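Student: Could we go through this model together, one point at a time? I would like each answer to finish on the value or name I asked for.

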Amino acid sequence: MQLHQRIERVYALRIPRVLQDVLLCLAVHANSKNECWPGMRRISRESKVSVRLIPKAIDNLEQIGVLATMTGNPHRSTRYILHLPAVSKGVSLGETLRFTKCNRTVHEQSNKCWICHKRPAIIDN
């Protein structure tokens with residue numbers, strides 16, 4: 001997949017801006033197999049997101065299903081694999097990816113969204 005296709009697919013997602021910025025940074029660094037391995041500091045510097053918030057953003061992107069991480073050697077960077085769904089003509093992909101409303105049960109769980117305190121979920125129309 002070419003760079004402009006990855007960028008188009010990232011912008012088609014309706015996700016919080018911080019998650020979009022982190023995903024866009026990863027998309028820019030990805031190779032033709034949609035794999036990349038930038039360090040936390042590089043992601044932070046290029047996405048303008050705090051280093052401390054990057055792991056939480058990556059966890060949320062994994063929950064949504066657009067990113068997978070592979071860890072191996074502890075002395076090397078984590079490898080990220082992008083799973084960006086195709087954008088069909090006339091239909092925005094963002095219509096299928098939404099966040100559920102917050103309620104008390106979501107706040108009690110540890111997998112809530114750290115940005116808007118909502119739990120990410122994929123909603124089929």
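Tutor: Buried means under 20% relative accessible area, exposed means over 50%, and partly exposed lies in between, with a 1.4 Å probe and protein chains only. The model is predicted, so local features need pLDDT of at least 70 and side-chain atom pairs count only at pLDDT 80 or more, while totals for chains, interfaces and linings use all residues. Residues are numbered from 1 along each chain as its sequence is written, and side-chain values use heavy atoms, with hydrogens and water left out.

Student: Is C25 buried or exposed?

Tutor: The relative accessible area of C25 is 5%. Buried means under 20%. C25 is therefore buried.

Student: How many disulfides does the structure hold?

Tutor: A disulfide is a covalent bond between the sulfur atoms of two cysteines. Here the cut-off is a pair of cysteine sulfur atoms within 2.5 Å. For C25, the nearest cysteine sulfur is that of C36, at 7.7 Å. The number of disulfides is zero.

Student: What is the relative accessibility of C36?

Tutor: C36 is in no disulfide, and its nearest cysteine sulfur is that of C25. C36 counts as buried, its relative accessibility being 1%.

Student: What is the strand order of the open sheet?

Tutor: Strands are DSSP runs of E with at least two residues, helices are runs of H or I with at least four, and both are numbered from the N terminus. Two strands pair if DSSP finds at least two bridges between them. The sheet has three strands with antiparallel pairing, in the order β1-β3-β2.

Student: Which strands stand at the edges?

Tutor: An edge strand here has a single partner strand, so one side of it is left without a neighbour in the sheet. That applies to residues 35-36 and to residues 67-70. The edge strands are β1 and β2.

Student: Which residue is the bridge partner of C36 in β3?

Tutor: β1 pairs with β3 (residues 79-82) in the antiparallel sense, over two bridges. In β3, the partner of C36 is Y80.

Student: How many salt bridges are there?

Tutor: Side chains of opposite charge can pair when their charged atoms come close. The rule used is a side-chain nitrogen of Lys or Arg within 4 Å of a carboxyl oxygen of Asp or Glu. By that rule the count is three.

Student: Which residue forms a salt bridge with E35?

Tutor: The closest N and O atoms of this pair are 3.7 Å apart. E35 lies in β1 and its partner in β3, so the pair ties together parts that are 44 residues apart in sequence. E35 counts as buried at 17% relative accessibility, whereas the partner counts as partly exposed at 30%. The partner is R79.

Student: How far apart are the closest N and O atoms of D21 and R17?

Tutor: D21 and R17 are four residues apart in helix α2, which means a separation of about one helical turn. R17 counts as exposed at 57% relative accessibility. The closest N and O atoms of the salt bridge are 3.1 Å apart.

Student: Which residue forms a salt bridge with R42?

Tutor: Both residues of the pair lie in helix α3, four residues apart, about one turn of the helix. R42 is partly exposed at 37%, and its partner counts as partly exposed at 38%. With the closest N and O atoms 3.7 Å apart, the partner is E46.

Student: Which residues of α3 are buried?

Tutor: α3 covers residues 40-47. S44 has a relative accessible area of 12%, and S47 one of 5%. The buried residues are I43, S44 and S47.

Student: Within what arc do the buried residues of α3 fall?

Tutor: The arc is that of the directions from the helix axis to the C-beta atoms. The face turned away from the buried side carries the exposed residues R41 and R45. The buried residues line one face of the helix, because they fall within an arc of 100 degrees.

Student: Which elements do the buried residues of α3 pack against?

Tutor: Contact means heavy atoms within 4.5 Å. Leaving out residues up to four places away in sequence, S47 touches D21, V22, C25 and I54. On the same basis, S44 touches V49, S50, V51 and I54. The elements packed against are α2 (17-29), α4 (54-64) and β3.
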